[in-house]
Amino acid sequence: MLLFVLILGAARANAAAALLLEEPYGKLGAFMAQGHVAIYLSRVCAETPLVLRRCGPGETGIVIARYNKVSGYDWIAVPLIPYLYAVEKTDDVPLFANPKLVAFLRNKYRRTHLEAIAPDGPDGAPAGNWYELVGSAYDRTLYSYQIETSPEQDDALIRKLNALPNHMLYKGATRNCADFAREIINFYYPKAVRRSIIADAGMTTPKQVAKALVKFNIRHPELESSAVIIPQVPGSLPRSRPVRGVAESLLKTKKYLLPLAILQPYVAGGIALAYVSAGRFDPAHNAMIMDSKDQLQPRLASSERKALEGQLDQLSANERLDGKTWRDEKMWRRLEADAEPELDRAGAPVLEVRVGERVVNVGVARENVLSTTGAPVLSQELLEARLREELKRSAASKTSESDVISDWKLLQQVTPPEASSK
């Protein structure tokens, strides 16, 4: 329950659900910037990924969404922490993630809990988009918007979803993930969320669902609400892009707008008017940030970001003066990319890094990053890489001050005194 309250930023114990608006990522995200949307239910748990039940003591609920090409099912339910990070404990969330590590964690969770709906294919890799079920926060930043529900409403939803045939209904324009989320919210609060004919040409988009829910909460101040940012895990995976509606995508994507403005200037003007009149919405407005301890914190201040960035630059300069020229960013990237992911004895993730003839296990979770033996300098490199990502101007607005301070303290513990004192 504590984790649930922190994730939602809820002020009241009866708040039991949240809309998760997720930024687009990858090559497809450059062309289709609508992103993804899911629903988190704190009182609802999964007997299996396809059968729902009420949660027992200590359980933190599920994330449920509509998917495309996952064994022919329409919706699938996954526990909250695995959905975000592909691990079962927050202590095991990596400080720095690369594609190998993310694929490893996803596959491990799939083979343990999702084998029935995402079995190995002929070449070992499952077919379909099963990877969207776990580890969402490695690929993108998420925004959470609270809604309040009652136990009776949750029980009614469980009965409804368990009774209906769970066969794939996905259609990009008419039955997408946003339509499913809209139907769930409207089950609790009829007509709370509607499509936008103007901004999205009648299509339901993730951003429109979030915008409508925020407006609904404003009209109903008795339902205390808040917005929370769940940051994308720092790492070498590409960063996600801002989520947009249909008109906004056309207006802010040059490859679409410029030809349209030249060939059909009146149409381009109409798109701009549609965006200004009905499409503007900042997902991060008044949002707090969920840090690595599951606490809600303010974002990193600009002055603090610049000061820490300067200190990090000075630390790197001191190391170069020490003659450690092999410890540069390109060398770390190569070592990190070539490393093989594994689990330590406690089940926390590590990277097996080859240094000359030796293989060193580098702890990558907050609980084991200081336990690296044989080459503690690699822990220093990992923490520096994480801080570099967090201190980028584009990431600072989605980074909590508490996480950066905590990471800086970890870095100081693995940095040789002579390097940090120069």
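Colleague: How many degrees lie about the S-S bond in the link of Cys 45 and Cys 55?

Modeller: The angle there is 100°, and the link is right-handed. Keep in mind that this is a predicted model.

Colleague: What is a disulfide, in general?

Modeller: A disulfide is a covalent bond between the sulfur atoms of two cysteines. In this structure, the sulfur atoms of Cys 45 and Cys 55 are 2.0 Å apart. A search of the whole structure finds one disulfide. It links distant parts of the chain, 10 residues apart. Cys 45 sits in strand S3, and Cys 55 sits in the loop between strands S4 and S5.

Colleague: Is Cys 45 buried or exposed?

Modeller: Buried means under 20% relative accessible area. Cys 45 has 4%, so it counts as buried.

Colleague: What share of the whole chain is buried?

Modeller: Of the 422 residues in the protein chain, 50% are buried. The fold has 18 helices and 13 strands.

Colleague: Which residues have the most contacts inside the largest nonpolar core?

Modeller: Tyr 83 and Tyr 85 do, in a core of 65 residues. Another core, of 41 residues, lies apart from it. Its members include Val 37, Ile 147, Phe 216 and Ala 287.

Colleague: Now salt bridges. Where do Glu 22 and Arg 140 lie?

Modeller: Start with the pair itself. Glu 22 forms a salt bridge with Arg 140, with the closest N and O atoms 3.2 Å apart. Glu 22 lies in strand S1, and Arg 140 lies in the loop between helix H5 and strand S7, so the pair ties together parts that are 118 residues apart in sequence. Glu 22 is buried at 0% relative accessibility. Arg 140 is buried too, at 7%.

Colleague: How many salt bridges does a search of the whole structure find?

Modeller: It finds 23. One of them joins Asp 139 to Arg 106, with the closest N and O atoms 2.5 Å apart. Asp 139 is in helix H5 and Arg 106 in helix H4, 33 residues apart. Both residues are buried.

Colleague: How should I read helix H15, as mostly covered or mostly open?

Modeller: Count its buried residues. In H15, 12 of the 14 residues are buried, so read it as mostly covered. The helix reaches 20 Å from its first C-alpha to its last, close to the expected 20 Å.

Colleague: Which residue of helix H15 pairs with Asp 403?

Modeller: Arg 386 does, with the closest N and O atoms 4.0 Å apart. Asp 403 is in helix H17, 17 residues away from Arg 386. Shared partners join Arg 366, Arg 386, Glu 390, Asp 403 and Asp 407 into one network of salt bridges.

Conventions:
Residues numbered from 1 in each chain as written. Predicted model: local features only at pLDDT ≥ 70, side-chain atom pairs only at ≥ 80, totals over all residues. Heavy atoms only, no water. Helix = DSSP H or I, 4+ residues; strand = E, 2+ residues; numbered from the N terminus. Buried < 20%, exposed > 50% of the residue type's maximum accessible area, 1.4 Å probe, protein only. Disulfide = S-S within 2.5 Å. Core = buried A, V, L, I, M, F, W, Y, C linked by side-chain atoms within 4.5 Å. Expected span 1.5 Å × (residues − 1). Salt bridge = Lys/Arg side-chain N within 4 Å of Asp/Glu carboxyl O.
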